[in-house]
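Grab a pencil and try these exercises on the molecule shown below. Have a go at each task before you read its solution.

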Amino acid sequence: MSDSLLRVNLTTRTASLEEVPADLAHDFVGGAGLGIKYLFDEVPPGSDPLGEDNKLIFASGPLTGTSAPCASRMAVVGRSPLTGAVGMCLTGGYFPAELKFCGITAIVIEGKADKPVYLTFLDGKAAIRSATRMWGTTTSDCQTLIKDELGDQGVRVACIGPAGENQCKLACIINEVRAAGRKGLGAVMGSKNLKAIAVKGSGAVAVADEAAFRSGRSNMLAAMKAS
């Protein structure tokens with residue numbers, strides 16, 4: 001499965017898939033590197049962190065979704081409303097791996113919805129759905145409501161609570177019980193009227209050299225066990 005970038009414009013309610021250029025993935029390794037590169041290229045200097053020009057980027061690492069230990073990780077990147085500078089935070093859990101099972105390396109969220117929405121990417125299809133009934137809920141209740149509405153308890157959800165909705169500059173983004181908890185990027189999500197992102201995929205992450213990967217994984221597990 002080749003990895004793609006999902007670009008979502010909430011203003012126009014459109015979504016499209018783009019190829020992540022190989023040289024970009026090579027030169028800016030990992031979710032943090034890739035996310036910050038897209039932020040640098042696409043968000044104008046001096047833009048309002050809580051304005052429509054800011055973008056919110058979810059980007060996973062190259063080992064996410066493989067059997068490498070401790071590798072289900074993802075960076076969330078945007079201009080920080082707390083500092084005005086680059087905002088980058090890391091999170092783990094099931095959501096990053098599920099994103100890769102969808103064939104998605106990164107999601108770029110741009111624009112602003114005119115009312116509360118949540119994004120789904122299920123079975124290779126993106127949709128923007130009403131989040132009116134979830135707005136105002138805690139992150140745990142929001143995840144339950146979305147899974148019930150979609151009729152699938154296996155869906156993985158990243159969402160904000162009332163702090164993000166009210167653009168508190170310390171707001172986190174929560175997936176399961178994991179937090180993307182630095183730089184107030186939950187407020188950026190709230191400023192876009194985006195309550196949540198729900199993903200589910202059935203693909204697998206391809207490894208270019210299986211033998212080398214297995215050797216490196218064994219060495220890593222041995223080092224961790226001996227530490």
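Here come a few ground rules and then five exercises with worked solutions.

This is a predicted model, where local features need pLDDT of at least 70 and side-chain atom pairs count only at pLDDT 80 or more, while totals for chains, interfaces and linings use all residues. Residues are numbered from 1 along each chain as its sequence is written, and side-chain values use heavy atoms, with hydrogens and water left out.

**Exercise 1: the whole chain**

Task: Find out how the radius of gyration of the protein chain agrees with that of a compact globule.

Solution: Start with the rule: the radius is taken over C-alpha atoms, and a globule is expected to have 2.2 Å times the number of residues to the power 0.38. For 227 residues that puts a compact globule near 17 Å, and the protein chain has 17 Å, so the two agree. Next, look at the spans: along its principal axes the C-alpha trace covers about 50 × 40 × 35 Å. Finally, count the secondary structure: there are seven helices and twelve strands (DSSP runs numbered from the N terminus, with H or I and at least four residues for a helix, E and at least two for a strand).

**Exercise 2: covered or not**

Task: Is Phe213 buried or exposed?

Solution: First, the cut-offs: buried means under 20% relative accessible area, exposed over 50%, and partly exposed in between, using a 1.4 Å probe and protein chains only. Phe213, in helix α7 (residues 210-226), has 16% relative accessibility, so Phe213 counts as buried. Now try Ala22 in helix α1 (residues 22-27): its relative accessible area is 63%, so Ala22 is exposed. For the chain as a whole, 50% of the 227 residues count as buried.

**Exercise 3: a covered helix**

Task: How many residues of helix α3 are buried?

Solution: Helix α3 runs over residues 94-101, and six of its eight residues are buried. Among them are Phe95, Leu99 and Lys100. Then step past the end of α3: Gly103 follows, with a positive phi near 80°.

**Exercise 4: salt bridges**

Task: Which parts of the chain does the pair of Lys55 and Glu110 tie together?

Solution: Side chains of opposite charge can pair when their charged atoms come close. The test for a salt bridge is a side-chain nitrogen of Lys or Arg within 4 Å of a carboxyl oxygen of Asp or Glu. By this rule there are eleven salt bridges. In one of them, the closest N and O atoms of Lys55 and Glu110 are 2.8 Å apart. Lys55 lies in the loop between α2 (30-42) and β3 (56-60) and Glu110 in strand β6 (residues 104-110), so the pair ties together parts 55 residues apart in sequence. Both residues are buried. To widen the view, Arg7, Glu18, Glu42, Lys55 and Glu110 are linked in a network of salt bridges.

**Exercise 5: an arginine without a partner**

Task: What does the side chain of Arg79 reach?

Solution: Place Arg79 first: it sits in strand β4 (residues 74-79). Arg79 is buried but has no salt bridge, and Asp48, the nearest side chain of opposite charge, is 7.8 Å away (Lys and Arg count as positive, Asp and Glu as negative; His and the chain ends are not counted). The side chain of Arg79 does reach the backbone oxygen of Ser47, at 3.1 Å.

Terms used: Polar contact = N/O pair within 3.5 Å; in protein donor to acceptor, adjacent residues only side chain to side chain.
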